[in-house]
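Biologist: Please pick one part of this model and take me through it slowly, as I'm new to this.

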Amino acid sequence: MIIRTEFPYATTREDVRIPLPDGVELYARIWRPVTDEPVPALLEYLPYRLTDWTAPRDWQRHPWYAGHGYASVRVDVRGHGCSGGRPGDEYDARELADGVAVVEWLAAQPWCTGSVGMFGISWGGFNSLQIAALAPEPLKAIVTVCSTDDRYDNDVHYMGGSVLAVDMHAWAATMLAFASRPPDPEFVGDGWRQQWLDRLESVEPLIHTWLSHQTRDAYWRHGSVCEDYSAIGAAVLAVGGWHDPYRDTVLRLVSALPSSRVRGLIGPWSHQYPDRGLPPGPAIGFLQETLRWWDHWLKGADNGVMAEPLLRSWISDSHRPATVYEELPGRWVGDRSWPSASVVPVPYGLQGAPVVVASPQHTGLDAGRFFPFGNDADLPPDQREEDAKSACFEFPVAEGPDGEPVEILGRPSVTVRLRLDVPYGQIVARLCDVAPDGSSTLVTRGALNLSARQGRDRAVPWPVGSYEDVTFELNGIGHSFPPGHRIRLALSSAYWPWIWPRAGSEAGWTLDPAGSLLTLPVRTASPLDGGIVFEAPEQSEPLGVVFPATLDEPRPERLVVRDVARGVWRLEVDPRYGGTRVYPDGLEYGEDAVEEYEIADGDPLSARTRSEWRIRLHRPELGWDARVETRSEISCDEGGFVTSNEVVCREGDEVVFHRTWERRLPRAAG
């Protein structure tokens, strides 16, 4: 990592309040170049608290952009951080309308040329896309990283029409804790307590809303730009990582948007900006790449950025299974169109007699983290144990004088002929790279709730006792299978805790290999493959946050516990978002979270999730000490989901807020 301390422009920083039409003010931090000439503005718009939680990351990039001639602006969403108002649902109409107002306010400032760009990762990438679809005139370009165009089928709530137990639960619990944090008196003054209490009165666990919409209805269509790609008026640089769950959005955007104003970039990365150097690498000079994008679209520079391939992507070489990789072997390739003329679908027919697949309910404990962040236990370990609980079909990669790698780029698909003896079930497909020593590396996977086989907007029970053919896609990937290895397709009827099981699903299904096939997107070399080079990553000076040493024994990131006598399996997860840190302005910020996922052999209705959060914000010089504790639980019976949530907030030792929610939500689909 190169740390830049000298830039073309000196910079200034100020905190301001941006007024909205309804009188609410949003808290903003603006880095600007020292110049008498107006400059374009760049906006990152998030609920994650610019004065503390994202401050270290903000310092890596906003001053860097300002030093290169842009006003770089970080704004907290309404009801979060030091912004006014009350928190709402994620990406609700009010949040997006506020974002449009912020874009227009920035464009109207005397120091702005009137041209605005938006960028962000995850939430900020989502609302960049969604605000671009509202097409405010000043918004000329966006950079959307690790985001989605489909809120139902490519987010943290549902996968293939099934409830995502792992992140439907974990993210709802996280946002309950985050929305309950107080504003900081250092920035909002003595009114912080009343503002906090007003917010808390409006806090509602988001799980209630998310589980109330179990098919792809109008709720999920809102904010899903795939409903109308033509509404996006800005130029789009879409960025993803093969170890991030949102990477398929990049493939859809470069396919759906006019090639004159879209480019795609997919690397080997996790759910992180590509310049941060977090596993898996290699990291790239991402700020330099985006600067070229901004210079072209916001300053009119003829810098060749649109002469780049439509899609630049990383193809990983075969690698042994591991839960973390500092860097993956592989290479960059380029495609001028998507779908690419260099990629052709190659079918692999399944062979053998019909087989009954009734996977143990704990199949999936080796799935790894749904959202890898670059931690040591994020990625899936060796898949041999998972493969043993699945029906596996193998295809050797020829070796010898004529042997060549099988290189894939894009989304594999599976067509299977199934019979169910119950109305409901799920199927999960994993594509693995099996080495000669038998080790099995997960390449990619996909899932389908069989009641969603005719569309995610409906739930159609399976005709009991009948065979049907179903087709579904796996997540996109770039991977090279070398000669002498085997391509393994593993099919299971359970995948806990990713997929929430349903009563009766323990019976599994019968698979008839006749007529069933795996289709791989096989890629041949392109003349563009050799010329893709990125600069080394660089950032501005770090903020200088200190992480105090502790004598506590660190909790394992992922721990699997088996109660042999009871037949119960429990996964304990420490998400490790940040821990305790001390900021240069004296703020002591501490957080601790733990998640648990439990299920018993043979009983899908035994599935349970639990999450606990503890957050402390402390300013010793002000005598300010605020604490937030939350508990979130979900279980399910034959009729529906049962959720329980609790929030306790303290100022010092005084409990200032305590609320519990108990809710039963019918299971209509999912």
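Modeller: Let's start at Trp294, which touches Leu42, Tyr65, Tyr70, Gly117, Met118, Phe119, Ala141, Ile142, Val143 and Lys299, leaving out residues up to four places away in sequence (a contact is heavy atoms within 4.5 Å). Keep in mind that this is a predicted model, where local features need pLDDT of at least 70 and side-chain atom pairs pLDDT 80 or more, while totals for chains, interfaces and linings use all residues. Residues are numbered from 1 along each chain, and side-chain values use heavy atoms, without hydrogens or water.

Trp294 also belongs to the largest nonpolar core, which has 197 residues (buried Ala, Val, Leu, Ile, Met, Phe, Trp, Tyr and Cys joined through side-chain atoms within 4.5 Å). Together with Leu418, Ile487 and Leu491, Trp294 touches the most other members. Helix H4 gives this core its largest share, 11 residues (a helix is a DSSP run of H or I, at least four residues).

All 15 of the 15 residues of H4 are buried, so the helix is largely enclosed by the rest of the structure (buried is under 20% relative accessible area, with a 1.4 Å probe). The end C-alpha atoms of H4 are 21 Å apart, which agrees with the 21 Å expected at 1.5 Å a residue (times one less than the number of residues).

H4 turns up again around the largest cavity, giving 4 residues, the largest share of its lining (a cavity is a set of points on a 1 Å grid where a 1.4 Å probe fits but cannot get out; lining residues have an atom within 4 Å of a point). That cavity holds about 140 Å³. Among its 17 lining residues, Val166, Asp167, Arg369, Glu595 and Tyr597 are closest to the centre.

How values were computed. On a 1 Å grid over the protein atoms alone, a cavity is a set of points where a 1.4 Å probe fits but cannot get out, and a pocket is an open set with protein on both sides within 12 Å along at least five of seven lines; lining residues have an atom within 4 Å of a point. Grid points are joined across faces, edges and corners, and a volume is the space filled by probe spheres set on the points. Helices (H or I, at least four residues) and strands (E, at least two) are DSSP runs, numbered from the N terminus. Buried means under 20% relative accessible area, exposed over 50%, partly exposed in between (1.4 Å probe, protein chains only).
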